[in-house]
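Q: Please take a close look at how the aromatic rings in this model pair up, and then at the surroundings.
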Amino acid sequence: KAYLKSLTSMDWFKNVCTRGRNWPRKKRAWGARPYTDANDIRKAIVLVRNPIAMVGDRMALSMMRREKLNRIDELEYKHFVRYCEKVDRVYMRMEEFKELMKPNAVKRAALGIPCYTEYLRIMLWYKNVYLMAADKDHIELRWEDLYTELDGPAQSLLNFAGLKRVKNVWRFDQGDAKAKDDWFTGLIPVDIYDRIGTFMKTIASDDFEKVFVEYFLKPQPAISRFTKIDNKEQCKFGYYAGGEDDEDASTMTYERCAEICESEEKCLFFAATPNETCNRFDNSGGDGCQRRVGNYFRLYRKNPPAYTTSVLSKFTKLDNWKYCKDGQYAGYDDDADSRSMTLGRCADICESEEKCVYFAVKPMYSCSRFDETANDCKRRTGSEFKLYKKNTSN
């Protein structure tokens, strides 16, 4: 709570920042006099990183331990959503955070954004950082500068701080840092990525333009328009190109393979092995890549076009929390775009399916559909869904 208070009070913020990380907790409390007076600070180093990568790092620390995963590339968007649901729920219980969310423009911009509480805190934190550093000798360093060219930026930091290099070794893995940032930003669907940028700009437009705008102006990687569906096998049927068909097979990457698949209209799936192959598949096998074979591949499915027509007026809301207990025939991962699902899209899907009588949507999670065996949907269960019934006039 004191941390949240520091985001809206520069006095508290200076107190928190100058106290350091290793202060004895039993001897000092939030708001106690810091070890270093903020007025004694002469220099400041501002390190800027893509906020989506920041949140991704926090998510990885939590979800890899919780899900017992061994590698970053085993994380999927569903893990990101689960982590965000927990974080947003915790912060929105706090009165201090509710105050930060009071402006209607902020509330509207936050709708449907996983981890909006994280992005709000990051934006306000940087706003205070720049205010605090404004009247001091300071330098700004971008995180990606370190993994692009480590020696120069790192030496500049030492020079600025008046320090000397003790050993000719940097304890920083450039390749690992870049791979993690690319992976985290690639997990987020393009439309969600753009909405995060809009949300942060709504909070603090001038500061956003100064600090983060470049991360949200760049075209998102092609791989962000695909969904990973297998960490080992590839489609058994539907292969039409790959291997030696590509001149750059020996330097192939997942991102490059995504670009190739995206450029080919018939490509619905691709299975890549770095530095070896980019195998592409259509649906000529007729099973939607349900049958799979092989080893050492990472398999992706091309995301379908977003639904653009809202037909919500043809449905009646029945419940703001639960869904039908009986009659479900589709939902969750049955839809390629379940991790970017919205209320309007789910209504479109149900409208297009003749057997669909009810649908229950949980944004960014599932569009569950129910047929007439739901028995008027009298029995209900679950939580955090919005339940609708198709109007009989349809």
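A: One aromatic cluster is formed by Trp125, Tyr126, Phe212 and Tyr215. The model is predicted, so local features need pLDDT of at least 70 and side-chain atom pairs count only at pLDDT 80 or more, while totals for chains, interfaces and linings use all residues. Residues are numbered from 1 along each chain as its sequence is written, and side-chain values use heavy atoms, with hydrogens and water left out.

The structure holds 14 aromatic pairs (rings of Phe, Tyr and Trp, the last by its six-membered ring, with centres within 6.5 Å; planes under 30 degrees apart are stacked, over 60 edge-to-face, the rest tilted). Among them, Tyr77 and Phe80 are stacked, at 5.9 Å centre to centre and 15 degrees between the planes. Both residues lie in helix H4, residues 77-91 (helices are DSSP runs of H or I with at least four residues, strands runs of E with at least two, numbered from the N terminus). Tyr77 and Phe80 are 3 residues apart, about one turn of the helix. Tyr77 is buried because its relative accessibility is 6% (buried is under 20%, exposed over 50%, partly exposed in between, with a 1.4 Å probe and protein chains only). Phe80, at 2%, also counts as buried.

A second pair is made by Tyr323 and Phe370, which is stacked because the ring centres are 6.4 Å apart and the planes are at 20 degrees. Tyr323 lies in strand S11 (residues 323-324) and Phe370 in strand S14, so this pair ties together parts 47 residues apart in sequence. Tyr323 is buried at 18% relative accessibility, and Phe370 is buried at 0%.

Next comes the loop that joins strand S14 (366-370) to strand S15 (380-381), where Asn375 lies. Asn375 is not a glycine, yet has a positive phi of about 55 degrees. Cys377 is in the loop between S14 and S15 as well, and this residue, not a glycine either, has a positive phi of about 55 degrees. Asn375 is exposed, with 52% relative accessibility, whereas Cys377 is buried, with 0%.

Finally, two helices meet. H7 (residues 116-133) passes H11 (residues 190-203) in a right-handed crossing (the near helix is turned clockwise from the far one by less than a right angle; anticlockwise is left-handed). On the H7 side, the contact (heavy atoms within 4.5 Å) is made by Tyr116, Tyr119, Leu120, Ile122, Met123 and Leu124. Its partners on H11 are Ile196, Phe199, Met200 and Ile203.

Notes: Axes fitted to C-alpha atoms, helices over the stretch in contact; angles between N-to-C directions.
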